[in-house]
Amino acid sequence: QVRLVESGGGLVLAGGSLRLSCAASGSIFSIRDMGWYRQAPGKQRELVATLTSGGNTNYADSVKGRFTISRDNAKKTVYLQMNSLKPEDTAVYYCHAQIRLTGDDYFTDYWGQGTQVTVSS
C-alpha cells in the first residue's frame, strides 16, 4: 500500500508564508509527477502546482510568483512553499503523485488526505 502524508497547513495572516510537505511511503518503485491541488468550500478541486520527475513545473496563474513547488526524490517528498498568502488561498490542499509500485509496470494516481490552509485578512 502507498500513503501520502501531508503536513504544514495551518492558520496564517494575509501576507504570511507556509510550507507544505507531502511524503510518500510504501512499496514504491518510482514516482513520476507530483503536485498540489486545492479545494475551497463550495468549489471544485483545482490544480495549484505540479512538478515532473524531469523537473518541469506548472503553476496555476493565481499562484505564479508566490508559490514554489519542489521535491526531494530521495525522500519521496514534495514541498509547496507559499508566500504572500491571500485570503483567497484558503482551502484544503491535497498532495498528488503518480506512483509505480514494486512489481507493477504502470503508474497509479494517489492522493493525500488533505491539509487545511486558512489565510485571515
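**Exercise 1. A tryptophan and its partner**

Work out the relative accessible area of W111 and whether W111 is buried, exposed or partly exposed.

*Solution.* Step 1: the relative accessible area of W111 is 38%, so W111 is partly exposed. Buried here means under 20% relative accessible area, exposed over 50%, and partly exposed in between, with a 1.4 Å probe and protein chains only. A word on the ground rules: this is a predicted model, in which local features need pLDDT of at least 70 and side-chain atom pairs count only at pLDDT 80 or more, while totals for chains, interfaces and linings use all residues. Residues are numbered from 1 along each chain as its sequence is written, and side-chain values use heavy atoms, leaving out hydrogens and water.

Step 2: look for ring partners. The structure holds one aromatic pair, for which the ring centres of Phe, Tyr or Trp (its six-membered ring) must lie within 6.5 Å; planes under 30 degrees apart are stacked, over 60 edge-to-face, the rest tilted. Y37 and W111 make up this pair, edge-to-face, at 5.1 Å centre to centre with 65° between the planes.

Step 3: place the two rings. Y37 belongs to strand β4 (residues 28–39) and W111 to strand β10 (residues 108–111), so the pair links distant parts of the chain, 74 residues apart. Strands (E, at least two residues) and helices (H or I, at least four) are DSSP runs numbered from the N terminus. Y37 has a relative accessible area of 19% and is buried.

**Exercise 2. The disulfide**

Find which cysteines a disulfide joins, and determine its handedness.

*Solution.* Step 1: apply the cut-off, a pair of cysteine sulfur atoms within 2.5 Å. The count comes to one disulfide, joining C22 to C95 with an S to S distance of 2.1 Å.

Step 2: read the torsion. About the S-S bond of C22 and C95 it is about -80°, so the disulfide is left-handed.

Step 3: locate the ends. C22 sits in strand β3 (residues 18–26) and C95 in strand β9 (residues 91–101), 73 residues apart. C22 is buried at 0% relative accessibility, and C95 is buried with 0% as well.

**Exercise 3. Salt bridges**

Trace which residues are joined into one network by salt bridges that share partners.

*Solution.* Step 1: the whole structure has four salt bridges, each a side-chain nitrogen of Lys or Arg within 4 Å of a carboxyl oxygen of Asp or Glu.

Step 2: begin with R38 and E46, whose closest N and O atoms are 2.7 Å apart. R38 is buried at 5%, whereas E46 is partly exposed at 35%.

Step 3: R66 bridges to D89, with closest N and O atoms 2.8 Å apart. R66 lies in the loop between β6 (57–59) and β7 (67–72), and D89 in the loop between β8 (77–82) and β9, 23 residues apart. R66 and D89 are both buried. Shared partners join R38, E46, R66 and D89 into one network.

Step 4: another bridge to find is D61 with K64, at 3.1 Å between the closest N and O atoms; D61 is exposed at 65%.

**Exercise 4. Positive phi**

Locate K76 and S84 and inspect their backbones.

*Solution.* Step 1: K76, in the loop between β7 and β8, has a positive phi of about 55° although it is not a glycine. K76 is partly exposed at 29%.

Step 2: S84, in the loop between β8 and β9, has a positive phi of about 50°, and it is not a glycine either. S84 is partly exposed at 38%.
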